[in-house]
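User: Hi! I'm new to this one, could you walk me through it?
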Amino acid sequence: MTTRRITAVFSGGGAKAAAQIGALRALEEAGLQPTRYVATSMGGVIAAGAASGASADELSRRFRAVRVSDVARPRAFAPLAGLWLASLLRPEPIRRTLGALVPQDSFDDLGCPLTLTAVDLDSRELVTMGAGGLAVPLVEALAATTALPVYYPPVVVGGRRLADGGLRAVLPLDVAAGFESDLVVAVDVGPGFDEPEPTQRARAPGLLLAHDGGEGILMAQQALDAVARWRATPGRPRLVHVRPRLPRRATFAVALFVEFEQAGYDATRAALAEEEIRHD
């Protein structure tokens, strides 16, 4: 199959989004350069870096330098304030980190179109930002698309309280359907029913584990439904669905970055070979 217009769709997944850098490396080696990105949450951060023109190697270098404290710094007195907090983590560290990872100020500064998603917590609608959506500063869009409850507070953009796009579209294939493409490569690293248990037992409060587990079930079904809708809809471009085998409960597991990146690379190479995708 020959291709020209390639849309890369990157799901949310926290630290597991590192697998999408491996996927980009596999696409580079295959001579397949995405011409558009549609992404959610941390997948949106990877996509923004790629859309700016950074290579997979450069993105890997930037993201490997990220520490847990750069993105996950608890609020003072969080154990005491408990349910009265707006969020468990402070938003300032991750916002600074987002600005460092993707230093461009505007979507217009990127080399190819990028669409990010978020959810309006009041109207509950899915909101798109960037190409085909709201015109907002890039760092604001990145902060909004990664504002996962209960970890981060919503980001106010144009008077709207926006949160992580994964609440409505953890794998935003329905958004990608609005753009013309010859091929769509969806790298799905979000929650799923196929995730293996982590090798180490999670160390977190019971209520937080319950929240993450429930949210994960909803997101897993979302992604399955999105892929099924794509394949059941006549006239849709060919879809390569890349699903690396990654562990459950690894949102902040930055220590496993190298492992995740390799898994994304291997899964993408295998998917491209299976679909017999080649460069035009």
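Here is a short chat about one helix and some salt bridges.

Analyst: Happy to! This is a predicted model, where local features need pLDDT of at least 70, side-chain atom pairs count only at pLDDT 80 or more, and totals for chains, interfaces and linings use all residues. Residues are numbered from 1 along each chain as its sequence is written, and side-chain values use heavy atoms, with hydrogens and water left out.

User: Cool. Which residues of helix α3 are buried?

Analyst: In α3 (residues 56-64), they are Ala56, Leu59, Ser60, Arg62 and Phe63. Buried means under 20% relative accessible area, exposed over 50%, and partly exposed in between (1.4 Å probe, protein chains only). Helices (H or I, at least four residues) and strands (E, at least two) are DSSP runs, numbered from the N terminus.

User: Where do they sit around the axis of α3?

Analyst: They fall within an arc of 165 degrees, so they line one face of the helix. That arc is taken from the directions from the helix axis to the C-beta atoms.

User: And what is on the face turned away?

Analyst: That face of α3 carries the exposed residues Asp57 and Arg61.

User: Switching topic: how many salt bridges are there?

Analyst: The whole structure has 18, each a side-chain nitrogen of Lys or Arg within 4 Å of a carboxyl oxygen of Asp or Glu. One of them joins Arg5 and Glu180, with the closest N and O atoms 3.0 Å apart. This pair links distant parts of the chain, 175 residues apart.

User: Is Glu180 buried or exposed?

Analyst: Glu180 counts as exposed because its relative accessibility is 66%.
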